[in-house]
Amino acid sequence: MLPNPKPFFESLPDPRRTTQNKLHGLSDILGIALCAILSGMDDGEAVAEFGRTKEDWLRQFLPLPNGIPSHDTFGRVFSLIDPEAFEAAFFDWAAHARIGGDRLDQLALDGKAVRRSHRGSAARALHLLHAWSCEARLLAAQRRVDAKANEITALPEILSLFDLDGVTVTIDAIGCQKTVARQITEGGGDYVLALKGDQSTLHDDVRLFMDTEAKHHPQGHADAVEKDHGRIETRRIWVSDEIDWLAQNLALIRRFALNLLRQAKGSKPGVKNKRLRAAYDDAFRASALQLTPRVH
């Protein structure tokens, strides 16, 4: 049975001034909002309408000495509550409820822009960094960030909330940082980090390796065919744990070769096309390496 959430929110500081005009207790406002949002209400007006419609039912659990707050009251209170204190109270309740079980196996971190959260055509939408428990399908934590780039600074903070021992953490390309990987491994966890072209040097190194050695001699391989958005997508995955070369001299040679191919002229654009040509065209290979024949 879930524990009563009321004791967990009673310690939450009420941001309103203590005056005679304060007609509704904070715990009543939060209780109504929780029931309303659980029932599909998404904004202050809908929450207030739910409260008026279900007032008799709500009075079985809440005192409601002055009835149901107006939608303006809901909006004002939620705009004033300290987000970090509110989040801490909510997740403390979730932890005591053991929602999702006792063990965390996979944690997915991802940034989300909240729909309809911007004000005006030039305003930016509210951006949140979510930590999602994959097995429980439960939001385990969240942090507000000013913009997509600021997820980098929020990642260590949100990771520090969890015991990462034995946990696999997945993050999109914004989390492909040495400090993030180190924090996860030092906590006893494993990571799956996306790598995109904005980290061009590392991306080209890994792609070259996966297109050659890993593709022909993988530790694991899988194919998946999906139909989505009116098209059929075939995904091919190769897995390799032979990544020592990333920190060895071979990586330097690969990087140097890729730089030479980027500057090479007389071939189709793209490093992959140039590399294929270098495999069969002796003259192009010599030109890319700026080689001149020896004089006998």
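## Strands 4 and 5

In this predicted model, strand 4 (residues 168–171) and strand 5 run parallel and are joined by four bridges. Within this pairing, Ile171 has Leu193 of strand 5 as its bridge partner, and Val169 stands opposite Tyr191 in strand 5.

Strand 4 is also joined to strand 1 (residues 106–113), again by four bridges and in the parallel sense. Here Leu109 has Ile171 of strand 4 as its bridge partner. Ile171 thus appears in both pairings, as partner of Leu193 in strand 5 and of Leu109. The two faces of strand 4 can be told apart: Val169 and Ile171 make up the covered face, whereas Thr168 and Thr170 make up the uncovered one.

## The five-stranded sheet

Strands 4 and 5 belong to an open sheet of five strands, arranged in the order 3-2-1-4-5 with mixed pairing. The edges are formed by strand 3 (138–145) and strand 5 (190–193); each has a single partner strand, so one side of each lacks a neighbour in the sheet. On average, and ignoring direction, neighbouring strands of this sheet are turned by 20° against each other.

## Helix 8 and its surroundings

Helix 8 lies across strand 4 and strand 5, and runs at about 155° to strand 5. Helix 8 (residues 178–186) also approaches helix 7 (residues 151–159): their axes come within 10 Å and cross at roughly 5°. Because angles under 35 degrees count as roughly parallel, helix 7 and helix 8 are classed as roughly parallel to each other.

On the side of helix 7, the residues that meet helix 8 are Leu155, Pro156 and Leu159; on the side of helix 8, they are Val180, Gln183 and Ile184. Sorted by class, this contact of helix 7 with helix 8 comprises five nonpolar residues, one polar residue and no charged residues.

Thr185 is another residue of helix 8. Its relative accessible area is 43%, and Thr185 is therefore partly exposed. Thr185 and Val167 are separated by 18 residues in sequence, and their C-alpha atoms are 9.7 Å apart in space.

## Packing of helices 2 and 3

Helix 2 (residues 26–38) packs with helix 3 (residues 44–53) at an angle of about 100°, and the two axes are 9 Å apart. This angle makes helix 2 roughly perpendicular to helix 3. Helix 2 contributes Ile32, Ala33, Cys35, Ala36 and Ile37 to the contact, and helix 3 contributes Val47, Phe50 and Gly51. By class, the contact of helix 2 with helix 3 holds seven nonpolar residues and one polar residue, with no charged residues.

## Cysteines

Cys35, one of the helix 2 residues in the contact with helix 3, has a relative accessibility of 22% and so counts as partly exposed. Cys134 is likewise partly exposed, because its relative accessible area is 25%. Buried residues have under 20% relative accessible area, so neither the 22% of Cys35 nor the 25% of Cys134 falls in that class. A search of the whole structure finds zero disulfides.

## The hairpin of strands 6 and 7

Strand 6 (residues 220–228) pairs with strand 7 (residues 231–239) in the antiparallel sense, over nine bridges. Gly220 has Val239 of strand 7 as its bridge partner. Two residues lie between the strands of this hairpin, and His229 takes a positive phi near 55° there.

Another histidine, His216, is found in helix 9 (residues 200–216). With a relative accessible area of 57%, His216 is exposed. His216 and Trp238 are 22 residues apart along the chain, and 9.0 Å separates their C-alpha atoms. Trp238 falls within the residue range of strand 7 (residues 231–239).

## The chain as a whole

The secondary structure of the protein chain comprises 12 helices and seven strands. The chain has 296 residues, of which 29% count as buried. Among its contacts between residues at least 6 apart in sequence, 44% join residues at least 24 apart.

How values were computed:
Residues numbered from 1 in each chain as written. Predicted model: local features only at pLDDT ≥ 70, side-chain atom pairs only at ≥ 80, totals over all residues. Heavy atoms only, no water. Axes fitted to C-alpha atoms, helices over the stretch in contact; angles between N-to-C directions. Parallel < 35°, antiparallel > 145°, perpendicular 65-115°, else oblique. Contact = heavy atoms within 4.5 Å. Nonpolar A, V, L, I, M, F, W, Y, C, P; charged D, E, K, R; others polar. Pairing = 2+ DSSP bridges. Disulfide = S-S within 2.5 Å. Buried < 20%, exposed > 50% of the residue type's maximum accessible area, 1.4 Å probe, protein only.
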